[in-house]
Every structure is written in C-alpha cells, then in structure tokens.
Amino acid sequence: MILGNPLEEILEIEWNTPGTVSISDILNVGESLPGDSGTTSMFPCWFDLNLARTGQKFARKYFGQIFFAHALSLILLLSDYQTRRVLFLTRKSDTPEKAFKRYLATAQQIHLWYHSDILSPEWAKSITNVRKIHSYVLFYVDSLNITNSKFTATREENPTGFQPNERLWKAFKMDLDNFDRRDRFMEFDYSAPKFKFNQFTMAMTVWSFMALPVLNPRPLGIAKPSDGDLQGFAHLWTVIAYALGADENFIFCKNARKDWRGCKRYLKGLFRKHLLPQLLNLDFEGEIMIESLLSGISTIIPRYPVDSLLINLLEGHLGKRAQHLRRQRSLQSRVFGTHANGLVNRFSRYSRPLRWFLTQLAFGELQLASLTVFGDPGTNSTLVSNGHFYV
Ligand code: HEM
C-alpha cells in the first residue's frame, strides 16, 4: 500500500469508526479542544496489556526501521500548519543544531516507551513528564499575544538564522507536482484554532508515530509483519496517546483487533484529507522546520543525506518518482544516499542479520549522540524518564 496512490480510495475518506470523531470533523471539532483532555488515569478502560506488550516487542525487534519511519513521518507532520506553528513558536527546533538536540531528546523517551515494561514506574514517569512539558507548551503558546502568535519566517525576513536549501526545495516541489491534479488542488481549511495545542494536533502527531509501519511496512524493511504484531504496535500508540492526554474521541484504532481494516482506512484517510494537501502547499516556515529536522536526523544517523530522506519518502511511501531531487544531488549524496536507501528499503527486508545490524546501528548512533549532547548514553531508564527534558 502506497500512501500517495491516485485517489482510488477517496470515497473511503468518510470512513468512520465507532467512538472516534469522523475524518471530516476531526479538524473543526479538535481545534476547539485543548491538547490535554484532563484525564487522570494512566491507562484507558480498553487497555489490553498483552497486545501493548506485543507492540513493544515488535517495536524493539524493528527499532532501526521504526526509528526511520518516525523520521520520515515527521516530514508529513511538520507539513501540518497547526502542529508546526506550535513547534515554530517554542523555537526549540527551528535550526539544524536545535532540532538535533530536540529530536534526540524525543527519541530517548520513545526508546524508553518501547524498551521499558509498560507497567514499570519509569514508563509512567517518562509519560507524566512529557505531559507536563506539553501542558507548559499549551499554556505558553495560547498565552502569546496576537502579534507574537503571528510570528513566522519568510525568505525576506527570517529570524531563525537558518536558510533552507532553495535548490532542494524547488526540486522537491517539482517532484510533488507528479501528484494527480485532483490531489494538488485539494483544499485544506487553514482555520484559526481556539487552542493552538489542541486535539487535532494531538491526533496528527499520533498518526505520525503510528501510521507508516502499519500502512507501509515493506519499504521500511519490515519483513512480512503479522497483523497481530501491527495491531499490537497500533494499540501501544493508542495507549500512549491516552496517557498523554488525547481525548477518547480523537483516538483512532482503539479497536484495531476487531476492525483492522477500519483502522487502516482511517489512517489513510487522515493522510489524504489532512496531511497530503498541506504537504503539496508547503510554505517557507515548513521548509525551515523540515530541513532542520532532517539535518538533525542526519547528524544522529551520520551520512544520511537530507535529500535521500526526501527521496525515500517520495519513492518508498508516496509512490512518486523523485527525478528532480535526484538531479540536484551532490556526488556524496549520490554515493551514500543510494546505499543508505537501498539498505533500508530493500536489503534489510530479506536479510535477518542486516535487520539486526540496522537496529543495532540505530541504537548505537542514538547512544553516541546522547553521550555527546547530554553526557550520558541514554540507556538508563531512570535517568531518561526524569531528565533530558527541554523546557
Ligand atoms: C502523542 C503525541 C505526542 C508525543 C508522543 C510527543 C512526544 C514528545 C516528547 C517525547 C517530548 C519531550 C522532548 C524532550 O525530552 O525534550 C515532547 C515535547 C514537546 N512536544 Fe510533544 N508529543 C506529542 C504531541 C505533541 C503535539 C500535538 C504538539 C504540538 C502541537 C507537541 C509539541 C511539543 C513541544 C512544543 C515540546 C517541547 C519541545 C519543543 O519546544 O519543541 N507535542 N513531545
């Protein structure tokens, strides 16, 4: 399943799942609700411990591939105007250097959520601390006065000090033109939200962690996962979403085991209705935030060129040829990028030792980067759950 195939399933966008707001309403309803629902329990009543543990086991086995999927999905998440605005306004990831640290800190928590027992005190502590950061963010961005909340960057006036690579973005956008005309002119309603950090942005963020491995495991190098494994992974993310304050009505795939097809359709519908139209209309602020993210990632996974990550997204997941991006590559990018993408997309799918190697590599790089930036490798769950937070 390629996310960006022509509109073969457009009618299914209206697909609803019981107990979850419809794909059409998720924006209008979600943006009027604060990003934290105020729940006080860690786990929802539909929590299935065994299924969540299956999801953790799957995430550990394919940690390298899933880490990579999170990086690619963040490109799509940062296309979302509302989520990106919040991240731009806090100014913790608007340059490659800042993004490197910010996403490294996030990767440490996510590593813990996959590797520590879900009932352990460290797991709960980590979630509680991230929720506290979010509540601070929610308060901060909503309290900005009207002038400050319009604060952004344009090519002419760019307060971040980071200039995105014009050639790269021109090529990327030309490759995006390969999308079907109907896709390109799909409208997105850029309305003014009541809360900046809201339930719509929560839902989009959960999508970015859950969707790619579920919808598109093969190009990630995840070999023939069973439905049970993927359902476990989806369930783990519904539980994380709940624990972080997502409102029940905005948590999709709660019933993945019973309605697996519905879960996948919902994920695909969210992409087509809410993320794709925004990716196709990416503005300068989006370029800054995405290139900062990708440069940060290519510091964590050294030598993975930024353009190769975009090529991977386009060709592996959106089903479009990246002819313009390929043409503007440097020699270094051609050599390392081609090998890196080949390793992730093709070879690791067939070779168990290579998969194991990728996971070790991702973990090793994460440790090394953590050691350099935070002074410890980020392997001690007590330390990670209490520290490294970025406020
Ligand atoms: C399930 C959804 C989410 C997850 C799993 C998640 C994960 C995280 C984690 C792990 C951190 C801590 C990073 C650190 O240690 O410094 C963090 C911080 C942060 N998150 Fe989230 N997040 C989610 C939703 C959101 C949403 C919806 C927004 C904005 C609309 C958001 C904005 C932020 C901001 C602004 C920070 C502080 C660092 C910064 O300014 O960039 N998060 N998040």
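**Entry 1: Lys-98 and its partner**

I began with Lys-98 in this predicted model. Its relative accessibility is 29%, so I noted Lys-98 as partly exposed. Which residue does the side chain of Lys-98 meet in a salt bridge? I found Asp-94, with 2.8 Å from N to O. Is Asp-94 buried or exposed? I looked up its relative accessible area and got 0%, so Asp-94 is buried. I wrote the pair down as a buried acid joined to a partly exposed lysine.

**Entry 2: a network of four**

Next I checked for salt bridges that share partners. Arg-84, Arg-85, Asp-283 and Glu-285 are joined by such bridges into one network. I then took two of the pairs in turn.

My first pair was Asp-283 with Arg-84, where the closest N and O atoms are 3.0 Å apart. Where in the chain do Asp-283 and Arg-84 lie? Asp-283 is in the loop between α12 (260-279) and α13 (284-300), while Arg-84 is in helix α4 (residues 81-90), so this salt bridge ties together parts that are 199 residues apart in sequence. I also looked up how covered each one is. Buried means under 20% relative accessible area, so Arg-84 at 3% counts as buried. Asp-283 has 32%, and I listed it as partly exposed.

My second pair was Glu-285 with Arg-85, whose side chains form a salt bridge at 2.8 Å, N to O. This pair also links distant parts of the chain: Glu-285 sits in helix α13 and Arg-85 in helix α4, 200 residues apart. Here I found both partners buried, Glu-285 with a relative accessible area of 2% and Arg-85 with 10%.

**Entry 3: charges over the whole chain**

How many salt bridges does the structure hold? I read off 12. Then I looked up the charged side chains and found 46 positive and 36 negative ones. The centres of these two sets lie 6 Å apart.

**Entry 4: around Tyr-114**

I moved on to Tyr-114, which is found in helix α5 (residues 96-115). Its relative accessible area is 1%, so Tyr-114 is buried. Which residues does Tyr-114 touch, not counting those up to four places away in sequence? I listed Gln-56, Ala-59, Arg-60, Phe-63, Ile-66, His-70, Phe-233, Leu-236 and Trp-237. From that list I picked Ala-59 for a distance check. Tyr-114 and Ala-59 are 55 residues apart in sequence, yet their C-alpha atoms are 6.1 Å apart in space.

**Entry 5: stepping back**

Finally I turned to the chain as a whole. How many helices and strands does the protein chain have? I got 18 helices and 0 strands. The radius of gyration is 19 Å, close to the 21 Å that the globule rule gives for 391 residues, so the chain is as compact as a globular protein of that length. Along its principal axes, I noted that the C-alpha trace spans about 50 × 50 × 45 Å.

I wanted to know how much of the chain is covered, and found that buried residues make up 58% of the 391. The accessible surface comes to about 16400 Å², with 56% of it belonging to carbon and sulfur atoms.

My last look-up was about contacts between residues at least 6 apart in sequence: of these, 83% join residues at least 24 apart. I put the two salt bridges from Entry 2 beside this figure, with their partners 199 and 200 residues apart.

Conventions:
Residues are numbered from 1 along each chain as its sequence is written. This is a predicted model: local features need pLDDT of at least 70, side-chain atom pairs count only at pLDDT 80 or more; totals for chains, interfaces and linings use all residues. Side-chain values use heavy atoms; hydrogens and water are left out. Helices (H or I, at least four residues) and strands (E, at least two) are DSSP runs, numbered from the N terminus. The radius of gyration is taken over C-alpha atoms; the globule rule is 2.2 Å times the number of residues to the power 0.38. Buried means under 20% relative accessible area, exposed over 50%, partly exposed in between (1.4 Å probe, protein chains only). Contact means heavy atoms within 4.5 Å. Accessible areas come from the Shrake-Rupley method with a 1.4 Å probe; for residues, only the protein chains shown count as cover. Lys and Arg count as positive and Asp and Glu as negative; His and the chain ends are not counted. The place of a charge is taken as NZ of Lys, CZ of Arg, CG of Asp or CD of Glu.
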